[in-house]
Structures are given as C-alpha cells and as structure tokens.
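This briefing goes through a set of structural features, grouped by topic. The sequence and the model are shown first.

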Amino acid sequence: MQMPSFNGGDFVPYANSPVSAGGDGAPVVHTVHHSMASTPRVLVSWGPGNTLRLSYLPQVVRDGDDDMKISSSREGDAANGQVVEVKLGKKDDQPLAEKRALAYSSAQAFALLQNQKQQMLQSDGGSSRTGTFDWWQAVLEYSQIISATLGPASGPPGSATDFSGFPTKELQASTKPTTVKAIWDLVEIFYVDKNGASWLPERLVEWLASYDAVLSSNTLHTKLTKLQQRLVNLRFPEEEKEYWDGVASALAVGWLDIAVYLLRMHGSYQHDQIDNRNVENGLVETVAVLISKMPRLRPSLPAGAPGQAFDFKPEFSKAWEKWRSQVAKLDGSTYWGECNNITTQKGLKKLLKVLLGSIEDLLLSTTHWMELLVAHLLHVQPFSKVSEGLAGYAVKCVESKGDSGMNESTSANDPLQELTLAILSDDTEVVVAECTRLFDPWLMAHLMELLTAKSKYAQSILREERYALGGISLEELNRLSYAQVLCSHQLTWQLAPVYLSFCPRQGLGILETLLLKQPVSTSDRLALKVLEVCRLYDLGTVATTVNRIVGVHHWKHGRKGAGIAWLQRAQDDRRLAAVADELLESVSLGMSGSQMETLQELEGLVDLLGSELHSSQGLTFLHRYKDFKTGLQIIKKLRKQETDQQKIAEQGRQAADFLLQLLKPQVTPQRFWLPLLRDAVELLEWPEMPLLGIHETNLLLSRLQELSLAKVRGDLEGIDPRDLSRQSLERIRLALACNLGRALLQE
Amino acid sequence: MASNSTSSILPLLTLPDDVTHTAWNSSSSRLALASHSGTLHVWAYPPSVHSPATSWQAHDAPILKVVWAPPEFGHLLATCATDGSVSLWEEISSKDAGIEWRLVCQFPENQTPVLDFVFGSCLSGLKIVTAGGDGHIKIYETASTLELRKWQLQAEFPNVANLKEGIARITCTSASISWRPPVDSVQRPVFALGYCTSSQQFSTAKIWEFAEAYQRWQMIAELRESHEKPEPVHHMSWAPNVGRPFELIAVASGKSVSIWRLEFPLDSQGRLVVTRAARLIDHNGEVSHLDWDMTGMTLATSGSDGTVRLWQSNFSGQWQQQGIVKSVKDSYKR
C-alpha cells in the first residue's frame, strides 16, 4: 500500500493556485500598497472567518530618555497609516452571487445526505452490508444534485445537445463547463456509481464529450470548434486535410454524431456532383452508415444518436464481431479502385483504420492523453473490464502523448493531469492532495462524501483521526475549512453550522466561537438569529452569554426594560442584583425631587423584574419596596379626596405591613434602611390611631439602633454619614417614641 | 513567481498620522485607535448610526496600548499611557446626552509604565493582568459586574523567581501577555507572559496559574528547551482550542517565531509538559505581532519588514508558510 503522499502539505484554504507552477510550496502572495516613508509596523488581527485585518502604522522610535516618537512625524513626512481587510484564499473570478447560490444549494444537499447517513446508522446499528449497498445510491443522488448546481450539462461542439446551430453557432462562454464540475463528475464515475462499472469505457466517452474543453488549451474540442468556423465558407470540405482529421478525431473519441454529420457535408452529396462522383459518394455513405451502426456497450443511447446500444455483454460482442467484419470487408473492397478522388479515398481509409483500432491512427487523431485513452478503450479494447488495467493504459497514453511533442511544462499545459490520473487509478491520497491544491475548500468539503461512498480504503484514510492535526480526521478538517470560509461573510455564516454540526471533534467548539463572535449587540435581530442557532444545536451556555451581552448593552445604553428582560433570559442573578441596586439608588436619590415620575418609571421596570422574584435578593426587596411606595402614594391621594376613613385606615395598615416585611432580616440592604425609616414617619404619625403595635415599633427601633451603631463603628457601606445627622435621626426617633406611647395606651 | 493577488484587499480606514496601537473588539465590529497625542478614537465597521465614530482626549501622555474587555461587560476599553496611567472607558447612552464614552475609573499611577495588559473574565470576576516596566506582574480584580468602578490588587509578583541580578538594573522594553482561551466556556486563571529585557532570566516566556489550594499565582512552565538560552519575547499568543488534545502558544522572539505545544493537566511535580512544535524563521526582520485564527489552525505573524506571513501545520505536524501579505510603498505621492 502506498504511503499517503501529502508531502506537499497544503490543506486549507491557502493552497497554491495552479498558476504558480514554480514550486509546490509557493504560498499565495497578496500585496498591500502604502504611502509611509519607512517600512510600516503591522498589527495583525483576524476578522470573521478567514479574513485578516491589518493595521499599517508608522514605526515607533525610542529616544534615549525612553520617550517614544513616531518616526514619520519627526521627519515631517505625511504618513498616514491605514487599516485593510485581506480576504484569504484562492483568487477566483466566480461572481459572489453565484458562489452564494452554490453555497446555499449544496448545504441543503449536504445536510440531507448527513441526515440519511444518521438514520441509516441508527436503523441497522452501524454495521451491515445492506447499509453500504444502499449507501452509494444515496451518495449518487447527492452527487447528481450537486453536479446539477455546478452548471448545465454540455457536450462537444456540434454534438447532439448542440446540434441545431452547427456549424454557425459558436460556443458561448457561459456554456463552457467548469473544471470543478468535470472533476466532480469524474470522481462520481469512479468512486460512487457501482452500476456504471460494467460500462465504464462508455462513461468515460460521455465524460470526455462533456469536459474535453477544460482538460487543456489544446484539445479536440478546440480543434473541432475551429473546424466549425472554417466549414461555413467551404463548398468542398473534402479538399481540406483539417476536414478529414476532424472526422477521424471525432470518430476516435466516439463522437459519432459529429463524425456522421461531418461526413454528410462531403461535397459528393451535392446535387450537381452526384452524377460524376457516384462511387465516391457511395463509399462515403457506406462509411457513414457503418459508423451509425457501431455497437456500443451501454444501456442506452440518446434518441436519434448514431450507434447501437447493447446492455448485455455476449450480445454486444456478437454484434461487435459482425460489425467489425463488415468494416474489414469494406476496407478490402474493390470499389476503392473506382474512386477517383484520392483525398476522399485516403480520408475514408483513415476512418476505417480508426474503426479497426489502428494504434498509430488513434494516436494521430487525438491530442490529449485522455482522448487517446478513450479512443483506446472504444476501438482497441471495447470488452475490457477495465478497472485493474485502466491506470496502466492511462500512464501509457500520457507517455505516448508526452513523447509526441508537448515540450512545455506539463503542469502548465495540463494542470489537471495528476488529478485525473489519480482518479483513474483510485489513488485517493493524490486525489485529496491535488483537489486541495487546485480548488477552493468548497470542493473538498463536499467531495469527501463521494470518495468515501464505497471505497473502504478511502474511508480509512479520510476518517482516521490524526494527532498532528489536533485529533481530527481529514474529512472533518475539510468541513472545518469550508465552514471557516462561510464564516467570512455575513450572508453565509448561517450555513456554517450545517457543516460544523457534522464535525464530531471540533465542530461544536468552533460553532460556539463563531456564535460568540457575532456582533449581537448591534442588532436584536442578529441576536435572535444566533439564539435560534443555539437552540437548534443545544448550546445553552452560548445562549446565556449572548443574552447577557445584549442585556448589558441595552442597560448601558439607557434601554433599561430591554436590558432587564435580556438579563433575565440569561438568568444572570449577579447582574440582575446589580441592576436592582442601581435602580434603587436612582429612586432614593430622586426622592427629594420628582418623586412621582421616578416611581412611575420604576414601577414598570420592577414589574418586569418581578416575574423572577425568587432569583435575586435585590429584586425581592425592590419589588416589595415598589409596593410600599405605591401604598404611600395611594394614601396621599385618598387623603386629598377625603374618602371614607376606613378605607384610608386599610391602606395605612397595608403599607405598614409592606414596611415590616421590608425590614425583616436579610430582605433590605442596610443602606436603604434610612430612607425606609424616613418614609415610615408618615405611618408612625398616623393621625387617627397608631398603625403599628408595640412589637412592630420595637423592630423599627432596633433597625435605627443598628444604623447608629454602624455610624459609630464607621462601617456605613453606601451611606453618606451626613444623612445620619442628628436632626434626621431625632425626627425618626421622636416619631417612633410617640407611636410606641400610643400603642402602649391602646393595648 | 508565486501568484499575485490584489483584488482581495479591501481598504477600511486611513488612520490619523500619530496612531500608536489599534485593537479590534471580539466581534471585529469596532476598532479602537490609540494615539501619540493621548487621543483615543473608536470606529465601527461596518459604520452604523448606532455606533458613530468618536474620539476624545484620554491621556496627557502618549497612549501605549488599548484593549477591549470581553463583550459581556459592554463596550469597555482599557488604555495605558507612557506616564504609567491606566484608565477604563465605557460607552453609555442616555436620553439627554446620547451616546458617549465615559471614564469608569483610573488605576493608581505607577512609577513605571505598563508595557502590556489584558482582561480575563474568570468565574471569580473580571481581572486585568498588567506587566510593568519594572518587571512586575500585577493582577487587579473586581467583584462587580456592571459598574466596574472598584478594583483591588489581587496579586503582585516579579516575572522571575530567585533573581540573581538586582532587579533595579534590569530595563524592560516590551512585554506580552496572553490568557489561556476559555475551556468549555470557562476562563481558567492561566496566562502566558514574556518580557523583552536586558536580563536573560527575565526574558523567558512563562506560564502562570492561580493555584486554588495555595491562593497564589504559580509558574507552571517556562517556554524554552533546557539547553537553550532564553530569548527576549516581543509578542505571544495562545491559540484558541476547540477540541485539540494539546494547547499551542506562538512566541515571537527576534526574527523567529516558536510554536510551543503544552500538555495539560500538570504532571506530578505541578509542571506542564512543554515541547517546541516549530520554529519559523522566514521573516527578514524582527517579528513584532502575531495572532491565531478562530480555529487555532492558522497563525498570522508580522515582521518589521512590513510583511505578514500565514502558517499552518500539515498532516505530519510540520508548520509551513501558506500565504504572504507584502507591503509595497507607492511610488507616487497621494
């Protein structure tokens, strides 16, 4: 078994672009321009995802006496620093909107597949052959969905899909398939589709028809496209060497429709020619008919396409032998002598050689090694089971094409060579390394599913947990890197959790970091979105922190009600207590001034706090305090209205009860006793009768006593000693004494 | 020639000409700028009406550094100036005054300037660790969660035990502190600290942990191999850890960056097992600043040559350069 060949080492997201042919280790280079006099000092800070925020500052110069100076300001040079954001990763020209659309649709497919996987694992306990059997089909569905989102299917110039416009229609840039889609489909053929294994050569023919254009700058696709343009102006194309080369090439790689179509453009078909060129035309037509009857080992062919499909191998070989003998018979026919047109004769003979599998002619009729390989499979070894021998053929094809004159560096001319070869030869390590080197992290994150669909070996190397990577597998690493790219943008970060939630080791940790880095204090909507994600993935601690951040932000920015509500959701008792203290302080300070207003404002807030009464000492107090103050307000109002005495007395008694509750041990912080006792004076001096009994008055007295003692000891926390002036204490003491006397008398 | 890309560079802000230090908040939505004139600027990205750009005179002396507190304490900034003063500022708003930054408190003035300081939000409360120019570490703590006006000095100790040279003879030019990132959302009282000083002993980067049993800070590791001479530390950064079985700390000294691997928990002698995972030597100038990305997998380092380099570990644990951000002086004057 080959050792993993990851010596190139790159994995995430800054792997070299294919353009940097110079060396595998060459890193991506970004350049920032500045206008500072000297080399700037750079401060680095990571922004969201894989963005980097850089501050370019002028150098600091230290004078002898330890004084710092900014170098440029001393030189009197205008040198403003700057802050820039660098988006890391590969340069690509794909429009942002397109990328985003792909990100959204592929995330959906990915999530669906992962859920299917989990269901499967649950239903059969994780082991089973039936599981794997069904599994590749699930992956195939996923693969086809993703492939469809990567762009529309396309074929060679003038092929069945593109027939109508031939020869005038030029291929539009937008219909050119992408390299990503080409690689995706090729991996699907080799790593996923088990059904396709029996007709693999034909699948490669199809693949090549779709993606020949992306293999390199010099392929049959380019050759035929050029021919298309030339043919428009030619009456007798058969006079041109390019024409015959073109037909032979199309035939070699199995684009039969193009070959037949081109043949029927032969000049001998024209009405004014038919008499003189009867035999010639007969030969052309016979070859065209033979081509249209070529047996193909595949389940079906598109409607109207030339060739005959055979699904069953024995039937195919029988038909093929028969067809081959017809070709050979034509090759040896006597009619050739009667054909006057030497070019046509030579051209047609060449076509027959291609059909008979002449290695030399196949070599001449193809440009790229992949084309040669396909031609070989189609015309030389149509029966081969392929799987084992394929890699060997492929290497031979590369070698023959390499010898035939491509002297430029192969990696520049054929950037995909190593990757395609690796896919053909099931060399998973190289596939992984090359895909990471060539493409952005999207591909690897999604391709993992294809690679592990049925290959046990790929499963073992991609899912093995590696210590050097911090205990994660390659599969997880690639998901993480892609998630990080998603995190970079505010329109895509919400997709990152989909991938992170399927990263068993580090996914949740990174998800937490991602959520905690959202600027939740900038908008409640964003905060709610983050909380929704927390709920989905059961991240209670993060939710608490988010609630707390938003709560503190609102509180600090004067939105007290919202602040309390969010802090309550955070169940942050410490901060709620601090909030209660602050509220209370504002109230007792406001006593002298606009008492009513403050109270009204407070009322709402305390109501809000009230729902969580049990959770906080401070809040319990504040709630009762609110009741007490409201009671006093009502009494004042009732007295003004001169209502029924009994009603007033009831209110008085209730207010007294609130007061007594407030002064129970552990309820009210000591620093609020004094304002309470001051407020109590009104109740103590109740004109109609004593409201408070002997025992109750004694409780009030003892609180006052504790305050005085604290003043003597000098540990009055949070109380201004001036408030405890003799005068104010005397006033309270007098009221207490009076009330005590009245209570004694009454009892 | 490696591929060259400029399209991925987005200019965000042109700075006032005397900026000495910049700091992004944890969500990368606010940037604080410290300046030589003592003015502090705060700027929001993307700009928003709810957080207008603002500036005020924060110190009489040049500001050395500015840092943000964890977001659960609001928009809270700490600044330190060359005269040794340290101040805390917070953003508040009220109906009358609108949004404004107010001074929360000032720390008692030190004789020597504070070279570096960081916030740490531990269970016991918010802490500030300062590294003084006299080689002393001070740890302040507050029990309050909203007001943050009252701080007390929890501990003070020199960054070296059993000092042979006289402490007075040592000059410290810079320092760097980095907290161990929270584990399972809990911030442990552990941080790494390194000095750049004239004394070798002083310079070694060390890891300090608050030992609950003894109620004091203890050194649990030195970041150096036993045979190596200590090197002055210019900057250090503890990598976020979201599931790695080991911790990583990057330390910039001179032209090189070392990445240290730490294995918690402590061994029987109360020490950490520390090994150097990499020594990166590609910078042509002194490495002055470094930062880890959110996954703790990519390290960005900046050198006095104006170049930023990005590093990642490959599958076999070797650290390699993956990207470069060069700076080029424009030939024309703007």
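In this predicted model, residues 280-312 of chain B are 55% strand and 0% helix, and the C-alpha atoms at the two ends of the span lie 11 Å apart. The span is one of two that UniProt lists for chain B under "repeat: WD", in an unreviewed entry. The points below take up the other listed span, then single elements of chain B, then chain A and the cysteines.

**Annotated repeats in chain B**

- Residues 56-90 of chain B are the other span that the unreviewed UniProt entry lists as "repeat: WD".
- In residues 56-90 of chain B, strand accounts for 54% and helix for 0%, with 12 Å between the end C-alpha atoms.

**Glu100(B)**

- Strand β10 of chain B, residues 98-107, contains Glu100(B).
- The relative accessible area of Glu100(B) is 33%; because this value falls between the 20% limit for buried and the 50% limit for exposed, Glu100(B) counts as partly exposed.
- Beyond its neighbours within four places in sequence, Glu100(B) is in contact with Glu90(B), Glu91(B) and Ile92(B).
- Ser51(B) is 49 residues away from Glu100(B) in sequence, and the C-alpha to C-alpha distance between them is 9.8 Å.

**Strand β13(B) and its partners**

- Strand β13 of chain B covers residues 136-142, and seven of its seven residues are buried.
- On one side of β13(B), His136(B), Lys138(B), Tyr140(B) and Thr142(B) are buried.
- The other side of β13(B) carries Ile137(B), Ile139(B) and Glu141(B), which are buried as well, so that both faces of the strand are covered.
- Strand β12 of chain B, residues 125-132, pairs with β13(B) in the antiparallel sense over six bridges.
- Three residues separate β12(B) from β13(B) in a hairpin, and Gly135(B) in the turn has a positive phi of about 85 degrees.
- β13(B) also runs antiparallel to strand β14 of chain B, residues 152-158, and six bridges join the two.
- Ile139(B) has a bridge partner in each of these strands: Val129(B) belongs to the pairing of β12(B) with β13(B), and Ala155(B) lies in β14(B).

**Chain A overall**

- Chain A has 32 helices and eight strands.
- Of the 747 residues in chain A, 53% are buried.
- Among contacts in chain A with a separation of 6 or more, 66% are between residues 24 or more positions apart.
- The accessible surface of chain A is about 33300 Å², and carbon and sulfur atoms account for 53% of that area.

**Helix α13(A)**

- Helix α13 of chain A, residues 369-380, has 12 residues and should span 16 Å at 1.5 Å a residue; the distance between its end C-alpha atoms is 15 Å, which agrees.
- Because 11 of its 12 residues are buried, α13(A) is largely enclosed by the rest of the structure.
- The buried residues of α13(A) include Trp369(A), Glu371(A), His376(A) and His379(A).
- Also buried in this helix are Met370(A), Leu372(A), Leu373(A), Val374(A), Ala375(A), Leu377(A) and Leu378(A).

**Cysteines**

- A disulfide is a covalent bond between the sulfur atoms of two cysteines.
- Over all chains, the structure holds zero disulfides.
- Cys503(A) has a relative accessibility of 2% and therefore counts as buried.
- Cys80(B) is buried, at a relative accessible area of 0%.

Technical notes. Residues are numbered from 1 along each chain as its sequence is written. Chains are lettered from A and ligands numbered from 1 in the order in which they are written. This is a predicted model: local features need pLDDT of at least 70, side-chain atom pairs count only at pLDDT 80 or more; totals for chains, interfaces and linings use all residues. Side-chain values use heavy atoms; hydrogens and water are left out. Helices (H or I, at least four residues) and strands (E, at least two) are DSSP runs, numbered from the N terminus. Buried means under 20% relative accessible area, exposed over 50%, partly exposed in between (1.4 Å probe, protein chains only). Contact means heavy atoms within 4.5 Å. Accessible areas come from the Shrake-Rupley method with a 1.4 Å probe; for residues, only the protein chains shown count as cover. UniProt positions are given in the numbering used here, feature names are shortened, and annotations may be inferred rather than shown by experiment. Two strands pair if DSSP finds at least two bridges between them. The expected span of a helix is 1.5 Å times one less than its number of residues. A disulfide is a pair of cysteine sulfur atoms within 2.5 Å.
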